[in-house]
Amino acid sequence: MDEKKKRIVIAIDGHSSSGKSTMAKDLARAIGYTYIDTGAMYRAVTLYCLRNGLFDGDNIRTDALREAIGKIEISFRPNPRTGRPDTYLNGENVEQEIRGMEVADKVSPVAALGFVRRALVAKQQEMGREKGVVMDGRDIGTVVFPDAELKIFVTASPEVRARRRLEELEAKGIAASYEEVLANVRKRDHIDSTRAESPLRQADDALVLDNSHLSIAEQQAWLLEQYHRVAGQ
């Protein structure tokens, strides 16, 4: 990292399976910043709910979750093999488990709960207080860090995102069909953009990146250009 550049907050928002987590992780590593995967935090809460019987079908036992939310500890620790951070739930590495379809199918209703969002937003703001962070999610540039110096909004077509998500699952040995994943992507888009609490939307001052037809290298080059432009001012 160039010490002459000022430390900033980089907020990357966008649709599910748009590749924003991968680009955020790679950008953070390239510039020596801390990466915080806020989506993983909501997935970890969802996994806690699944493990502790807080779902009744698609309904959440909100009173029980409200009582438990203060006891749910989520942290990130670097994985020496991948060079990227893994997600820990109450001290247990759950990085693999939170990426499966069972969690993916339940995470949006959990993330739509106001008290869950408020609890995790407070944690996220604490993590980014000293700046020098890249944070991705649905409401980073609009709610968590509305004053972030660099805001990116990432999107791609549902079909492209479903194919990418399916490839990720297959690479991890997780069984799923394209139709199942596409339906999940569209369902999450609807819930994320219509929820009452912190809906997914593009911040007025965010730069839009439609990466439907961009390679990872092309995305990274564009992101680095934006970082150097803002941090060098």
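Reader: I've landed on Asp26; does that residue count as buried or exposed?

Author: This is a predicted model, and in it Asp26 counts as buried, because its relative accessibility is 16% and the cut-off for buried is under 20%. Asp26 sits in helix α1, which runs over residues 20-31.

Reader: Which residues does Asp26 touch, leaving out those up to four places away in sequence?

Author: Arg84, Ile216 and Gln220. Take Gln220 from that list: 194 residues separate Asp26 and Gln220 along the chain, yet their C-alpha atoms are 7.6 Å apart.

Reader: Can I read another residue that way? Where is Gln226, and what does it touch beyond four places in sequence?

Author: Gln226 belongs to helix α9, residues 216-231. Its relative accessible area is 8%, which makes Gln226 buried. Away from its sequence neighbours, Gln226 is in contact with Leu150 and Leu207.

Reader: Now for a whole helix. How many residues does α2 have, and what span does it reach?

Author: Helix α2 covers residues 38-51, 14 residues in total. From first C-alpha to last it reaches 20 Å, close to the 20 Å expected at 1.5 Å a residue.

Reader: What sits at the two ends of α2?

Author: At the N-terminal end, Asp37 acts as a cap, with a side-chain oxygen 3.1 Å from the backbone nitrogen of Gly39. After the helix comes Gly53, with a positive phi near 65 degrees.

Reader: How many of the residues of α2 are buried?

Author: 11 of the 14, so α2 is largely enclosed by the rest of the structure. Among the buried ones are Met41, Tyr42, Val45, Leu47 and Tyr48. Arg43 is on that list too.

Reader: What is the idea behind a nonpolar core, and what does the largest one look like here?

Author: The general idea is that, in soluble globular proteins, nonpolar side chains tend to be buried together. In this model the largest nonpolar core has 37 residues, and those with the most contacts inside it are Val45, Leu65, Ile72 and Val116. Several elements each supply at least two residues, including β1, α3, α5 and β8. The element that gives the most is α2, with 8 residues.

Reader: Let me pick Ile72. Which residues does it touch, not counting those up to four places away?

Author: Ile72 touches Val45, Tyr48, Leu65, Leu89, Asn90 and Lys123. There's also a second, separate core of 19 residues, which includes Ile8, Ala24, Ile31 and Ala231.

Reader: Let's turn to charges. What is the general idea, and how many salt bridges are found in the whole structure?

Author: Side chains of opposite charge can pair when their charged atoms come close. A search of the whole structure finds 17 salt bridges. One of them joins Glu97 and Arg51, at 2.7 Å from N to O. Glu97 is in the loop between β7 and α4, while Arg51 is in α2, 46 residues apart, and the pair links distant parts of the chain. Both partners are partly exposed: Glu97 has a relative accessible area of 39%, and Arg51 has 37%.

Reader: What about Arg138 and Asp192: are they buried or exposed?

Author: Both are buried, with Arg138 at 11% relative accessibility and Asp192 at 3%. Their salt bridge has its closest N and O atoms 2.8 Å apart. This pair also links distant parts of the chain, since Arg138 is in the loop between β8 and α6 and Asp192 is in helix α8, 54 residues apart.

Reader: And how far apart along the chain are Glu168 and Arg165?

Author: They're 3 residues apart in helix α7, so about one helical turn separates them. Their side chains meet in a salt bridge at 3.5 Å, N to O. Glu168 is partly exposed at 36%, whereas Arg165 is buried at 5%. Elsewhere, salt bridges that share partners join Asp37, Glu95 and Arg99 into one network.

Reader: Since we're in α7, which of its residues are buried, and what do they pack against?

Author: The buried residues are Val160, Arg161, Ala162, Arg165, Leu166 and Leu169. They pack against α2, α4 and α8. α7 has 14 residues and reaches 20 Å from its first C-alpha to its last. Just after α7, Gly173 has a positive phi of about 75 degrees.

Notes:
Residues are numbered from 1 along each chain as its sequence is written. This is a predicted model: local features need pLDDT of at least 70, side-chain atom pairs count only at pLDDT 80 or more; totals for chains, interfaces and linings use all residues. Side-chain values use heavy atoms; hydrogens and water are left out. The expected span of a helix is 1.5 Å times one less than its number of residues. Buried means under 20% relative accessible area, exposed over 50%, partly exposed in between (1.4 Å probe, protein chains only). A polar contact is a pair of N or O atoms within 3.5 Å; within protein, one must be able to donate a hydrogen and the other to accept it, and residues adjacent in sequence count only if both atoms are side-chain atoms. A salt bridge is a side-chain nitrogen of Lys or Arg within 4 Å of a carboxyl oxygen of Asp or Glu. Contact means heavy atoms within 4.5 Å. A nonpolar core is a set of buried Ala, Val, Leu, Ile, Met, Phe, Trp, Tyr and Cys residues joined through side-chain atoms within 4.5 Å.
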